[in-house]
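This briefing is a guided reading of one protein model, arranged by topic. Please keep the sequence and the structure in view while working through the points below.

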Amino acid sequence: GDADKAPAFCHELHGVVISERGLNEPVLSDAARARALRALTECGYVYLDNIIPKERVRRLREAYMAFRETDEAADFLYPCQGEGRVEHMLPFREPFNTSEIYADPRLMTVLGDFFNQEQFKMELMTVITSPPGSGNQRWHQGWRYLFHPDERLPPLAAVVALPLADVSPEMGPTEMCPGKKLRFYHGWRCHGHSIRLASTAGTVVIFDYKTLHRGPANETADERPMVSMVFSKMFFLNTEAIINRGIS
């Protein structure tokens, strides 16, 4: 029932997408910040259109493709939910650890508003690749409840997803369940009111760690590599990810 309470604008582009024009200024306007915060708070997600320059995305993609072909890449593999998907932790070296990837001032502003100006950190950065023929992920959330299954807590973490290629609907862009941000971790589905948006390389989606979401199947002949970054408040650490995915 929680998803049914999501406002109508959660399904409309003008409600959940901050346009490239609105992001062109070095400092986000108060109106753009308010729209982004409303979408994140009420829907659970917001899209920042072409916020990362395409040339920067291209360089990152090429560096990742070269890295995953090395023998070293096997040591950075992560278990990844969803049939056929491959996930790599990224080595802490250029170009993967440069601040231009994860610390764009406009992105930091949106996250700062979402976290109510409390200090936050980036705790995880991986690349998830959905090759042709990869299957649907199950619906899931980033974390189980902290204290009680029906808790309504201020945001504690967010995912920033950056596809490294243009993504069509058939390629399986991340699918969201509007408003579904309670701790319903066991067996929930999103029937009839989910949203998935095609996007261009350089567009990021930010979503609340508690938002019900999944990666759909890739039904094309092209793979879909996506950088996934988790930002969280200082008190929070996804210990399950550290234990289940930890690399010695």
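**Helix α6 and its ends**

Asp104 caps the N-terminal end of helix α6, with one of its side-chain oxygens lying 2.8 Å from the backbone nitrogen of Arg106. The model is a predicted one, and the points that follow go from this helix to a strand, a loop, a cavity and finally the overall fold.

- Helix α6 covers residues 105-114 and is mostly covered, since seven of its ten residues are buried, a label that applies under 20% relative accessible area.
- The buried residues of α6 are Arg106, Leu107, Val110, Leu111, Gly112, Asp113 and Phe114, so that Arg106, whose backbone nitrogen takes part in the cap, is also one of the buried residues.
- An α-helix has 3.6 residues a turn, so residues three or four places apart point the same way.
- Just after α6, the backbone at Asn116 takes a positive phi of about 60 degrees.

**Glu123 in strand β5**

- Glu123 has its place in strand β5, which runs over residues 120-130.
- The side chain of Glu123 is joined to the side chain of Ser232 by a polar contact of 2.9 Å.
- When neighbours within four places in sequence are left aside, Glu123 is in contact with Val230, Ser232, Phe236, Leu237 and Asn238, and the last of these, Asn238, is the subject of the next group of points.

**Asn238 in its loop**

- Asn238 is found in the loop between strand β11 (224-233) and helix α7 (239-245).
- Is Asn238 buried or exposed? Its relative accessibility is 6%, and because buried means under 20%, Asn238 counts as buried.
- The side chain of Asn238 makes a polar contact with the side chain of Tyr209, at 2.5 Å.
- Apart from neighbours within four places in sequence, the residues in contact with Asn238 are Glu123, Gly142, Trp143 and Tyr209, and this list therefore includes both the Glu123 described above and the polar partner Tyr209.

**Cavities**

- The structure holds two cavities of 30 Å³ or more, and the largest cavity has a volume of about 90 Å³.
- Thirteen residues, written 13 in numerals, line the largest cavity, and Pro163, Pro173, Thr174, Ser199 and Val205 are those that lie nearest its centre.
- Strands β6 (157-163), β9 (204-208) and β11 each supply at least two residues of the lining of the largest cavity.
- What kinds of residues form the lining of the largest cavity? They divide into nine nonpolar, three polar and one charged.

**Glu12 and a distant partner in sequence**

- Glu12 lies in the segment before helix α1 (13-16), and with a relative accessible area of 32% it is partly exposed.
- Although Glu12 and Ile195 are 183 residues apart in sequence, their C-alpha atoms are 9.4 Å apart in space.

**The protein as a whole**

- The protein has seven helices and eleven strands.
- The radius of gyration of the protein is 17 Å, close to the 18 Å that the globule rule gives for 248 residues, so the protein is as compact as a globular protein of that length.
- The C-alpha trace spans about 50 × 40 × 40 Å along the principal axes of the protein.
- Of the 248 residues, 52% count as buried.
- If one takes the contacts between residues at least 6 apart in sequence, 87% of them join residues that are at least 24 apart.

Notes
Residues numbered from 1 in each chain as written. Predicted model: local features only at pLDDT ≥ 70, side-chain atom pairs only at ≥ 80, totals over all residues. Heavy atoms only, no water. Helix = DSSP H or I, 4+ residues; strand = E, 2+ residues; numbered from the N terminus. Buried < 20%, exposed > 50% of the residue type's maximum accessible area, 1.4 Å probe, protein only. Polar contact = N/O pair within 3.5 Å; in protein donor to acceptor, adjacent residues only side chain to side chain. Contact = heavy atoms within 4.5 Å. 1 Å grid on protein atoms, 1.4 Å probe; cavity = no way out; pocket = protein on both sides within 12 Å on 5 of 7 lines; lining within 4 Å. Points joined across faces, edges and corners; volume = space filled by probe spheres on them. Nonpolar A, V, L, I, M, F, W, Y, C, P; charged D, E, K, R; others polar. Rg over C-alpha atoms; globule rule 2.2 N^0.38 Å.
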